[in-house]
Amino acid sequence: MKTSFCITCWHGDVHLLNGLLITLEEQTKAPHEVVVSSSGLHSLELPEELIIEGKPVPVVGTNSKERLMQSIARNRAIKKSSGDIIIFFDVDDIPLPQKI
């Protein structure tokens, strides 16, 4: 089964994204992918991949220039993901290293 980490953020808290991505690299189980759903931004630059558990994990993004409600941003992330299991993170939700 494939697992997708999905992160939602908007222009007011996107400054926290890099810290969360660094923390995800400390997880003890690698997901199939990381999906970032952002809104209220003209564009969002993301790394192509993260290294989690010694494995390259692709980072996929979806962005809306309009600010979206969190539920809509999550739905957009689900549409971009290919995982059977979806684990959502708010951008300010910093997980402990062994959460996953």
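Biologist: I'm starting at Ser39; which strand is it found in?

Modeller: Ser39 is found in strand S2; strands here are DSSP runs of E, at least two residues, and helices are runs of H or I, at least four, numbered from the N terminus. This is a predicted model, where local features need pLDDT of at least 70, side-chain atom pairs count only at pLDDT 80 or more, and totals for chains, interfaces and linings use all residues. Residues are numbered from 1 along each chain as its sequence is written, and side-chain values use heavy atoms, leaving out hydrogens and water.

Biologist: Is Ser39 buried or exposed?

Modeller: Buried means under 20% relative accessible area, exposed over 50%, partly exposed in between (1.4 Å probe, protein chains only). Ser39 has 1% relative accessibility, so it counts as buried. Leaving aside residues up to four places away in sequence, Ser39 touches several others, including Cys9, Trp10 and Leu68; contact means heavy atoms within 4.5 Å.

Biologist: How do strands pair, and what order do they take here?

Modeller: Strands of a sheet pair through backbone hydrogen bonds, parallel or antiparallel. Two count as paired if DSSP finds at least two bridges between them. Here five strands make an open sheet, ordered S3-S4-S2-S1-S5, with mixed pairing. S3 (49–52) and S5 (85–90) each have a single partner strand, so one side of each lacks a neighbour in the sheet.

Biologist: How many bridges join S1 to S5?

Modeller: Six, and S1 (residues 3–10) and S5 run parallel. One of the pairs matches Thr3 with Ile85 in S5.
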